[in-house]
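Here's a quick tour of a fold, its ligand shell and one helix pair. Keep the viewer open as you read.

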Amino acid sequence: MKLAIFSGSTRDGSINRKLERALLPMLKEAGFDVTALSLADYDMPIYNGDWEEKNGAPQAAKDLGKKLAAQDAVIVVTPEYNGSLPPVLKNTIDWMTRIDDMSQYHNPVWAIAACTPGPMSGIMVMRQVHYILTRLGTEVLQFQLGVGNASDAFDDDGNLKNERNRDMAQKMISNLAERAAK
Ligand SMILES: Cc1cc2nc3c(=O)[nH]c(=O)nc-3n(C[C@H](O)[C@H](O)[C@H](O)COP(=O)(O)O)c2cc1C
């Protein structure tokens, strides 16, 4: 089964990218053929209708859409900004609704994860990403992986330190494998 994972943060020291990296060995262990993508490689202007009328959708939106459409599963690991989505993620999701094909939202099963410095673990942003994807007709896992208290969540090797987080990650991955196999 093919799976793509990407973060809603492009920051070098990103805790969400750290969570993404911690999930990679677990996903491989579960049998996924994993592609890790970075939104930094899919640079798009902030959506503007005049820009779109002049240029069409950015090539990056088409390329990313095509890549995601070819997967059985997609995981998005997102930061929370003011209880909501970081602009780069919302912009990417929006632009990918402006290309000719919606297969990126309709072929793979999507799952949502988040990592935050505080204890709340991104419950607000995960709910919103879930709402947006569902609205697009995407099959989205109900089970979400929220990792709070990031400074204490990872060991020196970058693995999830506490058992609860590891169990939650494992549960999301096995749910995803089950749904993606159907
Ligand atoms: C504009 C802005 C708004 C933020 N709002 C929230 C928030 O609502 N909830 C939260 O848990 N953290 C919030 N934070 C803190 C981020 O979770 C923190 O900066 C985190 O490290 C960002 O993710 P990253 O490390 O993957 O880039 C906010 C940060 C910024 C820059």
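## Around the ligand

For sorting residues, Ala, Val, Leu, Ile, Met, Phe, Trp, Tyr, Cys and Pro count as nonpolar, Asp, Glu, Lys and Arg as charged, and the others, Gly among them, as polar. On that scheme, the shell around the ligand splits into 5 nonpolar, 7 polar and 2 charged residues. It takes 14 residues to surround the ligand, with S9, S14, N16, P79 and T116 the closest; a residue is near if its C-beta atom, placed from the backbone, lies within 6 Å.

A word on what you're looking at: this is a predicted model, where local features need pLDDT of at least 70, side-chain atom pairs count only at pLDDT 80 or more, and totals for chains, interfaces and linings use all residues. Residues are numbered from 1 along each chain as its sequence is written.

## The sheet

Helices (H or I, at least four residues) and strands (E, at least two) are DSSP runs, numbered from the N terminus. Here 5 strands make an open, parallel sheet in the order β2-β1-β3-β4-β5. β2 (33-37) and β5 (145-147) sit at the edges with a single partner strand each, so one side of each has no neighbour in the sheet.

Strands β1 (residues 2-7) and β3 (residues 73-78) pair in the parallel sense over 5 bridges; pairing takes at least two DSSP bridges. In that pair, L3 stands opposite A73 in β3.

## Two helices that cross

The axes of α1 (residues 15-29) and α7 (residues 163-181) come within 10 Å and cross at roughly 50°. Axes are lines fitted to C-alpha atoms, for helices over the stretch in contact, with angles from 0 to 180 degrees between N-to-C directions.

Who touches whom? L23, M26 and L27 in α1 meet A169, Q170 and I173 in α7, contact being C-beta atoms, placed from the backbone, within 7 Å. By class, this α1 and α7 contact has 5 nonpolar, 1 polar and no charged residues.

Key: Contact = placed C-beta atoms within 7 Å.
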